[in-house]
Amino acid sequence: MAVRAIRGATQVDADDREQVLEATRELVSTVMERNQLDRDDVISILFTATPDLVSEFPALAARELGFGDVPLMCASEIDVAHALPRVLRLMAHVETDRPRSEIQHVYLRGAVALRRDIAQ
């Protein structure tokens, strides 16, 4: 069993608590589904938000999905002038038998523009 990191991102239309939670739930669920993971496979998840998103902690959405016993952390992205606004990112560390080449990184909504090379 290997430890792998999975990246993902999504974008919301506004700094609205419900939008942040909904988009984060969608992102976490999609990462889990596409990589055929169970909650017990997840070691930890680091969430980041662009500085224009302050209405809620993205980790709350993961807790609502049943990740209460998984270490979760939120941080702010650096404030780069030309960065895509209103973006939530995650890096999940998981245990999986999948080789790195089969890991499905997930970029949803407007965040697809961040990594067209690996967006699914």
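Let's start with one residue: Val20 has a relative accessibility of 1%, so it counts as buried. Keep in mind as we go that this is a predicted model. Val20 is part of helix H1, and in its surroundings it touches Val12, Asp15, Leu53, Ser55, Glu56 and Leu88, leaving aside residues up to four places away in sequence. You can also use Val20 as a starting point for a walk across the model: from Val20 to Gly66 there are 46 residues in sequence, and the two C-alpha atoms lie 17 Å apart in space.

Now let's look at the nonpolar interior. How many residues does the largest nonpolar core have? The count is 20, and the residues with the most contacts inside this core are Val42, Ile45, Phe47, Phe67, Leu72 and Leu90. Several elements come together here: helix H1 (17-34), strand E2 (42-49), helix H2 (58-64) and strand E4 each supply at least two residues of this core. Which of them supplies the largest share? That is H1, with four residues. Our starting residue, Val20, belongs elsewhere: a second, separate core of six residues includes Val20 along with Ala23, Leu53 and Leu88. You have met two of these partners already, since Leu53 and Leu88 are both among the residues that Val20 touches.

Leu90 is a good residue to pick out in the viewer. Among the residues Leu90 touches are Leu27, Val28 and Val31, and also Ile45, Leu46 and Phe47. The list is completed by Ile6, Arg7 and Gly8, again not counting residues up to four places away in sequence. Two of these partners, Ile45 and Phe47, are named with Leu90 among the core residues that have the most contacts.

Next, let's turn to empty space. Rolling a probe the size of a water molecule over the atoms shows where empty space is left. The structure holds one cavity of 30 Å³ or more, and the largest cavity has a volume of about 30 Å³. Which residues line this cavity? They are Val28, Val31, Met32, Ile45, Leu90 and Ala92, so Leu90 turns up once more. H1 and E4 are the elements that give two or more residues to this lining, and H1 gives the most, with three. The lining is made up of six nonpolar residues, with no polar and no charged ones.The largest pocket has a volume of about 180 Å³. Its lining includes Ala49, Thr50, Pro51, Leu53 and Val54. Glu56, Phe57 and Pro58 line the pocket too, together with Cys74, Ala75 and Ser76. Strand E3 (residues 72-76) gives the most to this lining, with three residues. What kinds of residues are found in the lining of the pocket? Eight are nonpolar, two are polar and one is charged. Leu53 and Glu56 may look familiar, as both are touched by Val20.

Another place to visit comes from a record. In an unreviewed entry, UniProt lists Arg7, Arg89 and Tyr107 under "binding site". These residues span 101 residues in sequence, yet no two of their C-alpha atoms are more than 8.9 Å apart, so they gather at one spot. Arg89 lies in strand E4 (residues 87-96), while Tyr107 lies in strand E5 (residues 106-107). Are these two buried or exposed? Arg89 is buried, with a relative accessible area of 16%, because buried means under 20%. Tyr107 is buried as well, at 3%. Setting aside residues up to four places away in sequence, Arg89 touches Arg7, Gly8, Ala9, Leu46, Phe47, Thr48, Thr50, Glu77 and Leu114. Arg7, listed with Arg89 in the UniProt entry, is thus found among the contacts of Arg89.

Our last stop is the backbone. Gln36 has a phi near 50°, a positive value in a residue other than glycine. Gln36 sits in the loop between H1 and E2, and its relative accessibility of 64% means that Gln36 counts as exposed. Arg109 also has a positive phi, about 55°, although it is not a glycine. Arg109 is placed in the segment after E5, and at 37% relative accessibility Arg109 counts as partly exposed.

Notes. Residues are numbered from 1 along each chain as its sequence is written. This is a predicted model: local features need pLDDT of at least 70, side-chain atom pairs count only at pLDDT 80 or more; totals for chains, interfaces and linings use all residues. Side-chain values use heavy atoms; hydrogens and water are left out. On a 1 Å grid over the protein atoms alone, a cavity is a set of points where a 1.4 Å probe fits but cannot get out, and a pocket is an open set with protein on both sides within 12 Å along at least five of seven lines; lining residues have an atom within 4 Å of a point. Grid points are joined across faces, edges and corners, and a volume is the space filled by probe spheres set on the points. Ala, Val, Leu, Ile, Met, Phe, Trp, Tyr, Cys and Pro count as nonpolar, Asp, Glu, Lys and Arg as charged, and the others, Gly among them, as polar. UniProt positions are given in the numbering used here, feature names are shortened, and annotations may be inferred rather than shown by experiment. Buried means under 20% relative accessible area, exposed over 50%, partly exposed in between (1.4 Å probe, protein chains only). Contact means heavy atoms within 4.5 Å. A nonpolar core is a set of buried Ala, Val, Leu, Ile, Met, Phe, Trp, Tyr and Cys residues joined through side-chain atoms within 4.5 Å.
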